[in-house]
Amino acid sequence: MEQSKSISKCDKGSFIIQDHGFCYGPQVVILVGKDHKVKAVNSNVRKYNQLLFSGNVKEGAFIQDIIARECRDTFLEKLGKALKGQDIHSSIRLKMENGYQRWFDVYYKPVMLDEKTIIGVYVTFWPLYQNLQRLCEQEKYTEDSYYDLARAIIRTYECRDPNTAVHQKRVAAMAKIIGRRMGFDKDRLISLYLGGLLHDIGKLKVPTDILAKPSSLTPLEFELIKEHPVIGYNVIKDTMLPKLVGEIVYCHHERLDGSGYPDGVSGDNICQEVKIVTVCDVVDAMFSFRPYRPARTKDEVMEELNEGRDIKYDTQVVDAMLELLTENVSFHDLRETLFSS
Ligand SMILES: [Fe+2]
Ligand SMILES: [Fe+2]
């Protein structure tokens with residue numbers, strides 16, 4: 001009787017997980033059915049979503065479509081054994097964005113309808129740090145270290161070229177607003193912000209008389225400027241910053257139609273974070289006074305966005321930016337609290 005009660009709860013999702021006492025602590029628990037579909041998950045799945053899974057973890061999704069590629073083969077092999085009735089314990093090691101590795105103990109426990117019939121498997125991922133508070137402290141420390149490093153880089157840069165430093169801060173703040181509106185989670189917002197903040201850091205190597213030249217650039221000078229994404233990437237690629245920050249720095253002059261630089265990549269080969277920083281970069285540059293031209297008006301900026309929408313710039317990002325412009329957000333007032341003291 002007790003078994004069938006549990007099974008009927010199983011159909012309603014997370015109840016069965018609570019029955020088994022899996023809802024407290026840092027572990028991620030997933031109930032996978034015989035058909036390899038997710039039947040239920042606990043709330044910790046959100047915490048490790050980017051690490052353990054490559055897709056949206058929801059009931060009805062095929063586990064092979066969402067489990068992280070790095071551990072997919074091992075996972076499916078163990079799951080197959082558990083579906084045949086074995087209790088299995090194994091470990092997996094996953095690489096985090098910042099290059100560190102995180103270990104998980106993984107338990108596969110068959111769920112029995114009766115003594116012979118298996119209806120699914122509970123998979124429990126125990127993170128290496130089982131003390132949740134310690135884990136939060138460690139993550140907070142990592143986040144603070146990102147900001148400390150970014151602050152040190154940008155303040156150094158400020159001494160040489162304050163205009164570009166301020167431009168980067170505004171682009172970062174704008175990008176974060178758009179990322180929020182597009183529903184990015186905290187980790188993506190951190191990378192997006194840091195990528196915006198450091199996107200032009202490679203201009204360190206461009207002579208200041210070219211950066212501040214009061215007339216149009218010669219083709220040779222333009223070629224020198226075009227090196228800044230690669231230079232910037234090389235400056236930060238071996239730091240502890242998330243990989244995505246380097247990608248934003250490297251790709252922020254790429255365009256959807258492949259007309260950008262340094263590699264001329266296009267479409268889905270450009271990630272969403274880059275597409276956001278690109279639009280913010282263009283908007284802030286247009287709004288800024290240049291020695292060789294006046295600042296553009298809001299109408300001119302909106303016209304450029306509309307003309308480039310779905311050609312050079314991502315549609316969703318352009319629409320979010322047009323919304324901001326319509327709301328009259330003052331980009332020149334945007335300051336990140338990180339720098340306000
Ligand atoms: Fe740039
Ligand atoms: Fe820029």
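## Cores, strands and backbone outliers in a predicted chain

In this predicted model, the largest nonpolar core has 41 residues, and the members that touch the most others are A175, L194, L198, V249, I276, V279 and C280. Eight helices each give at least two residues to this core: α6 (132-160), α7 (162-181), α8 (186-198), α11 (228-236), α12 (243-251), α13 (272-287), α14 (298-308) and α15 (315-326). Apart from neighbours within four places in sequence, C280 has contacts with V171, M174, A175, I178 and G196. A second core, separate from this one, has 24 residues, among them V28, C71, Y108 and V111. As a general tendency, nonpolar side chains in soluble globular proteins are buried together.

**Helix α7**

Helix α7, a contributor to the largest core, is 20 residues in length and spans 29 Å from its first C-alpha to its last. The span expected at 1.5 Å a residue is 28 Å, and the value for α7 is close to that. Most of α7 is covered, with 14 of the 20 residues buried. After α7 comes G183, which has a positive phi near 85 degrees.

**Strands β1, β2 and β5**

Strand β1 covers residues 28-33 and pairs with β2, residues 38-41, in an antiparallel arrangement with three bridges. Within this pairing, I30 has V41 of β2 as its bridge partner. The β1-β2 hairpin has four residues between its strands, and H36 takes a positive phi there.

Strand β1 is also joined to β5, again antiparallel, through six bridges. In that pairing V28 is bridged to F125 of β5; V28 is also one of the residues of the second core. Strand β5 runs over residues 118-127 and is mostly covered, as seven of its 10 residues are buried.

**Backbone outliers**

Most residues other than glycine have a negative phi, and most peptide bonds are trans. Two residues other than glycine with positive phi are listed here, together with a cis peptide bond.

| Site | Backbone value | Location |
|---|---|---|
| H36 | phi near 70 degrees | loop between β1 and β2 |
| D310 | phi near 65 degrees | loop between α14 and α15 |
| Y261 to P262 | cis, omega near 15 degrees | P262 in the loop between α12 and α13 |

How many other C-beta atoms lie within 10 Å of H36, and how many within 10 Å of D310? For H36 the number is 17, so this residue is partly exposed. For D310 the number is 11, so D310 is exposed, because the cut-off for that class is 12 or fewer. The loop that holds D310 joins α14 and α15, and both of these helices supply at least two residues to the largest core. The loop that holds P262 lies between α12 and α13, two helices that likewise each supply at least two core residues.

**Confidence**

The protein chain has a mean pLDDT of 82, and 83% of its residues are at 70 or more. Over residues 1-22 the pLDDT is below 50, and this stretch makes 30 contacts in the model beyond near neighbours in sequence. The pLDDT is also below 50 over residues 337-341, a stretch with four contacts beyond near neighbours in sequence.

Notes. Residues are numbered from 1 along each chain as its sequence is written. Chains are lettered from A and ligands numbered from 1 in the order in which they are written. This is a predicted model: local features need pLDDT of at least 70, side-chain atom pairs count only at pLDDT 80 or more; totals for chains, interfaces and linings use all residues. A nonpolar core is a set of buried Ala, Val, Leu, Ile, Met, Phe, Trp, Tyr and Cys residues joined through C-beta atoms within 7 Å. Two residues are in contact if their C-beta atoms, placed from the backbone, lie within 7 Å. Two strands pair if DSSP finds at least two bridges between them. The expected span of a helix is 1.5 Å times one less than its number of residues. pLDDT is the predictor's confidence in each residue, from 0 to 100.
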